[in-house]
Amino acid sequence: MRSPRPLFISFEGIDGSGKSTQCKMLYHDLLDRGYAVHLFREPGGTRISEKIRDILLDKDNVEMSHITEMLLYFSSRSQLITEKVGPALDRGEIVLLDRFVDSTIAYQGYGRDLDLTSILKVAEVAIGSVGPDLTILVDTPLKTAEDRMDQRELDRLEAENVEFKQRTRDGYLKLASEEAHRFLVLDGRDTIEALKQQILSRVNHILAN
């Protein structure tokens, strides 16, 4: 089924927020209803982008500079937009992304304290004007998110200190307050089903209009 118009939805949140679970649930719901829908993760989503992901998340890469980190995220993203996201939107399909530019602003901008203006300039070069119609921020307190990840092996970003993670969460909330029309902010402490229903309500409203 072709959607009424191309639709681009991104999911954001700190590690352990539950955003990936909700992203996958929405994907399967739309797929079951016959929509042409695609789900990609960031960094990743293409052969080249997955190789960049391995470099970014490898805990052995402790010497990676913050600038290098930011540029690698945009390199992965540029490839994904060129190879997968752009063509899907051109066909009038639905694209769901598990993270997008807001992640870089939150993690590398607020978390790493890189200059936000510089990040936006890189974004302009890497992806142009491509941006989500809706961004779903699953906002989860740091303690809750940390508890959820307690039993899994952490990657380089997940293993960062709590101060970095709190700055990242605060950055997300600042972004959401500045672009309230684009963001749907959800309480990550709600049940999985309750979050799913809130997301479906907003997405169904968009599809109906």
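## Exercises on a five-stranded sheet and its helices

In this structure, five strands form an open sheet in the order E2-E3-E1-E4-E5, and their pairing is parallel. The edge strands are E2 (37-41) and E5, each of which pairs on one side only, and the twist from one strand to the next averages 20°. The model is a predicted one, and the exercises below work through it piece by piece.

**Exercise 1.** Determine which strands pair with E4, and in which sense and over how many bridges they do so.

*Solution.* Begin with the order of the strands, E2-E3-E1-E4-E5, in which E4 stands between E1 and E5. Next, take the side of E1: four bridges join E1 to E4, and the two strands run parallel. On this side, Phe11 stands opposite Ile136 of E4. Then turn to the side of E5, where E4 and E5 are paired in the parallel sense over five bridges. Here Thr135 stands opposite Phe183 in E5, while Ile136 stands opposite Leu184 in E5.

**Exercise 2.** Decide whether the residues of E4 are buried or exposed, and sort them by the way they point.

*Solution.* A residue counts as buried when its relative accessible area is under 20%, and six of the six residues of E4 are buried, which leaves the strand mostly covered. To sort them, follow the strand residue by residue: Leu134, Ile136 and Val138 point one way, whereas Thr135, Leu137 and Asp139 point the other way. Both groups are buried.

**Exercise 3.** Explain why helix H4 (residues 101-111) can be called largely enclosed by the rest of the structure.

*Solution.* First list the buried residues of H4, which are Val101, Asp102, Ser103, Thr104, Ile105, Ala106, Tyr107, Gln108, Gly109 and Gly111. Because ten of the eleven residues of H4 are buried, the helix is largely enclosed by the rest of the structure. Then look for what covers these residues: the cover includes strands E1 (7-12), E4 (134-139) and E5 (183-187), together with helices H3 (66-90), H5 (116-127) and H7 (162-178). Finally, follow the chain just past H4, where Asp113 takes a positive phi of about 65°.

**Exercise 4.** Find which strands H1 (residues 19-32) and H8 (residues 192-208) lie across, and describe how these two helices pack.

*Solution.* Start with the sheet: H1 lies across E1, E2, E3 (94-98) and E4, and runs at about 165° to E3. H8 lies across E1, E3, E4 and E5, and runs at about 165° to E5. Now compare the helices with one another, for their axes are 10 Å apart and they pack at an angle of about 50°. This angle makes H1 oblique to H8. Their contact involves Thr21, Gln22, Met25, Leu26, Asp29 and Leu30 from H1, and Ile192, Leu195, Lys196, Ile199, Leu200, Val203 and Leu207 from H8. Sorted by class, this contact has nine nonpolar, two polar and two charged residues.

**Exercise 5.** Describe the packing of H2 (residues 47-57) against H3 by angle, handedness and contact residues.

*Solution.* The axes of H2 and H3 come within 9 Å and cross at roughly 160°. Since angles over 145 degrees count as roughly antiparallel, H2 is roughly antiparallel to H3. The handedness comes next, and H2 passes H3 in a left-handed crossing. From H2 the contact takes in Ile48, Ser49, Ile52, Ile55, Leu56 and Leu57, and from H3 it takes in Glu69, Leu72, Tyr73, Ser75, Ser76, Gln79 and Leu80. By class, eight nonpolar, four polar and one charged residues make up this contact.

Methods. Residues are numbered from 1 along each chain as its sequence is written. This is a predicted model: local features need pLDDT of at least 70, side-chain atom pairs count only at pLDDT 80 or more; totals for chains, interfaces and linings use all residues. Side-chain values use heavy atoms; hydrogens and water are left out. Buried means under 20% relative accessible area, exposed over 50%, partly exposed in between (1.4 Å probe, protein chains only). Contact means heavy atoms within 4.5 Å. Two strands pair if DSSP finds at least two bridges between them. Axes are lines fitted to C-alpha atoms, for helices over the stretch in contact, and angles run from 0 to 180 degrees between N-to-C directions. Angles under 35 degrees count as roughly parallel, over 145 as roughly antiparallel, 65 to 115 as roughly perpendicular and the rest as oblique. A crossing is left-handed if the near helix is turned anticlockwise from the far one by less than a right angle, and right-handed if clockwise. Ala, Val, Leu, Ile, Met, Phe, Trp, Tyr, Cys and Pro count as nonpolar, Asp, Glu, Lys and Arg as charged, and the others, Gly among them, as polar.
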